[in-house]
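The exercises below are meant to be worked through with the structure open beside the text. Try each task before reading its solution.

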Amino acid sequence: MVDVPLTSIDAHEALGNRVLVVDDDRLTLALLEDVLTSEGFQVTAVASCLEALQVLDDSTPRFNFLITDWELRDGRGVELIQYIRESYIGGYVYTLVITAHENRGYNTKALDAGADDFIPKPIDRDELVSRLRSGERILKLESRLTNLANFDSVTQLPTRRMFEALAAKEWSRTRRCRLPLSCVVFDLDFFKRVNDTYGHRAGDQVLRKIAELFRDSSRQSDLLCRQGGEEFCILLPETTLEQASSWAERLRAKFAAEIFELDSVVLNVTASFGVAEILADMEELPELIEVADQCLLQAKSSGRNRTISCHHLQNESTKAGSGGIGDVFEGATARDGMTAVISRLKPESTVVDVSYFFLQFRISSAPVIDEEGRLIGIVSEKDLMSAAKQQNPQLIRIRDIMRNNVVTYDAETPLQVIWEFLARVSIRGVVIVDHGSPVGYIGRQSILRWLANSVWARSEVNTDVAHGRLERIQTIAHVSQMLEEEAGHIGQVIQDLPPFEQQALVVGTVSRMQELINDLLSSSGGLTLSCHQGRERTKSECGETQQRLHGLLGNMLTSGPH
């Protein structure tokens, strides 16, 4: 777990005096260690590049200085400097190269590699100490600049820049260890009025007090920052949505109850909170923060001084007026817009088995079910690729890599609810369940397909109605012919294929037939009578037909690898 200091610290206190010395000559190594120790430096001495790299990677706290010989038994000092400049993230390291070369070309190469200074051989004690004291001055300045960049000057909280750097590490750890992770974003309500009425000095006093309450309510492992203005953000490792929502609500109540005593006035300040947890479909940290931001927007539009979680966002639908988008979605459920699930995985399947299954059937993701057929997780190609890098992937089970925080909707959920959720957040899709069992998937592509077909089918053609009906009849005939060809193709070639290729043929063909069925049923809606009863009757008949067709297709499929 990443630990981050909650406040900035004095640049002089932050600066250490740890020195890493690298030289394969024992006498030189002993001389340097003796001189530096007597001058108050903390010295670590090694004799090779490999040892130096290991020490750098394992060292806590970081080194401030590196003194290295030009030639080492397993490499060159400049290669070590290049590594530090390109990969070492512990902070700036002031580097000195020990060299007996008088050729200026060596000095140029060292400077190009990132060296800061040189120490000629034989080493003079006073010159060495003077060069190190010069390096200390540079490091102090660098420390001050880093402090200004990493910590907000008003609240002393980490800046967004520092937050993003540390949060990226926590995100990687969370995904690797399959742990919960939540994000809370909050914004002070009507804060502009404080600045406009009482001045920015009063506003800064409020921000400092808010930051103090924020900091005192957080754990050392939490990553928090001032996003900008009056907006703040915190990442809560190993915290579920329920736990994060409870924490946010306690902090909201604490803000509301706090009395802010300024120079000449007493104020009450409230805040609105948005809470989100990492979901199975999320690939990057900004997606998590974006969902929390959307929850914050909902909290502010709902009256402010409240906490909204992504669970509330997921199940909330706006009320559309007559003639709006609500008319298009009227009566439509998730079952109408979903693409049926064509494969399911068992948790005991191995990574190798499922990888082969994905490749053969051209599948990018699939739900994981338990013995009763209930959804317990989802696995994607990216999960398989990550697992393949581990040792003995053939022994890794799907249960150990699946993502279990899946966004699901019941098959009878109004389709508008799902459409509005996908329109707000950047996740790619949701799983549709019937009594806990995965039966379909709705992503942006499938819901846009349904929406386009529905709008087209319901549109009133005021000019050349006959022409419009003819086009729709031709479309239905064309789609029906394609369905017939797809079904006939199976019967023509399946007998000549081995069993596993037969399965691949059925899965691929059924996937294409499902899309054609959705197009066919949507197109048929344009041929109904314009009266309400006619639409309802045809819609009911189409719905029954769709369920029968999908049922027939489902009987052709297997449940995936065992």
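## Exercise 1: The surroundings of Pro180

Task: In this predicted model, locate Pro180, decide whether Pro180 is buried, partly exposed or exposed, and find which residues it contacts beyond its neighbours within four places in sequence.

Solution. Step 1: Pro180 sits in the loop between α7 (160–177) and β8 (181–188).
Step 2: The relative accessible area of Pro180 is 25%, and because the partly exposed class lies between 20% and 50%, Pro180 counts as partly exposed.
Step 3: When neighbours within four places in sequence are set aside, the contacts of Pro180 are Thr174, Pro237, Glu238, Thr239, Thr240, Glu277 and Ile278.
Step 4: For Glu238, a partner 58 residues away along the chain, the C-alpha atom is separated from that of Pro180 by 4.8 Å.

## Exercise 2: Backbone exceptions

Task: Find which residue is joined to Pro122 by a cis peptide bond, and describe what is notable about phi in Arg178 and in Phe190.

Solution. Step 1: As background, most residues other than glycine have a negative phi, and most peptide bonds are trans.
Step 2: The cis peptide bond joins Lys121 and Pro122, with omega at about -5°, and Pro122 has its place in the loop between β7 (117–120) and α6.
Step 3: Arg178, which lies in the loop between α7 and β8, has a positive phi of about 55° although it is not a glycine; its relative accessible area of 38% makes Arg178 partly exposed.
Step 4: Phe190, in the loop between β8 and α8, also has a positive phi, near 55°, without being a glycine, and with 40% relative accessibility Phe190 is likewise partly exposed.

## Exercise 3: Salt bridges across the sequence

Task: For the salt bridges Lys121 with Asp69, Lys300 with Asp187 and Glu348 with Arg399, work out which parts of the chain are linked, and state how accessible each partner is.

Solution. Step 1: Side chains of opposite charge can pair when their charged atoms come close. The cut-off used here is a side-chain nitrogen of Lys or Arg within 4 Å of a carboxyl oxygen of Asp or Glu, and by this rule the count comes to 29 salt bridges.
Step 2: Lys121 and Asp69 meet at 3.4 Å, N to O. Because Lys121 is in the loop between β7 and α6 while Asp69 is in strand β3 (residues 65–69), the pair ties together parts 52 residues apart in sequence. Lys121 is partly exposed at 33% relative accessible area, whereas Asp69 is buried at 8%.
Step 3: In the pair of Lys300 and Asp187, the closest N and O atoms are 3.9 Å apart. This pair links helix α11 (residues 285–301), which holds Lys300, to strand β8, which holds Asp187, across 113 residues. Lys300 is partly exposed, with a relative accessible area of 24%, and Asp187 is buried, with 7%.
Step 4: Glu348 and Arg399 come together at 2.5 Å, N to O. Here the link runs from the loop between β15 (339–340) and α15 (351–361), the place of Glu348, to the loop between α16 (381–388) and β18 (408–410), the place of Arg399, and the two are 51 residues apart. Glu348, with 45% relative accessible area, and Arg399, with 35%, are each partly exposed.
Step 5: Elsewhere, Glu39, Arg125, Arg133 and Glu136 are joined into one network by salt bridges that share partners.

## Exercise 4: A pair of helices

Task: Decide how helices α8 and α9 are oriented to each other, and name the residues that make their contact.

Solution. Step 1: The axes of α8 (residues 191–198) and α9 (residues 200–216) come within 6 Å and cross at roughly 140°.
Step 2: Angles over 145 degrees would count as roughly antiparallel, so α8 and α9 are classed as oblique to each other.
Step 3: On the α8 side the contact is made by Phe191, Val194, Asn195 and Tyr198, and on the α9 side by His200, Ala202, Gly203, Val206 and Leu207.

## Exercise 5: A surface patch

Task: Find which residues form a nonpolar surface patch with Leu148, and decide whether Leu148 is buried or exposed.

Solution. Step 1: Leu148 is found in helix α6 (residues 125–150), and its relative accessible area of 63% makes Leu148 exposed.
Step 2: Together with Leu141 and Leu145, Leu148 forms the patch, and the three have about 330 Å² of accessible area together.

Note on methods. Residues numbered from 1 in each chain as written. Predicted model: local features only at pLDDT ≥ 70, side-chain atom pairs only at ≥ 80, totals over all residues. Heavy atoms only, no water. Patch = residues over 30% accessible without salt bridge, like charges linked within 9 Å, V, L, I, M, F, W, Y side chains within 5 Å. Areas by Shrake-Rupley, 256 points an atom, 1.4 Å probe, with all protein chains shown as cover. Helix = DSSP H or I, 4+ residues; strand = E, 2+ residues; numbered from the N terminus. Buried < 20%, exposed > 50% of the residue type's maximum accessible area, 1.4 Å probe, protein only. Contact = heavy atoms within 4.5 Å. Axes fitted to C-alpha atoms, helices over the stretch in contact; angles between N-to-C directions. Parallel < 35°, antiparallel > 145°, perpendicular 65-115°, else oblique.
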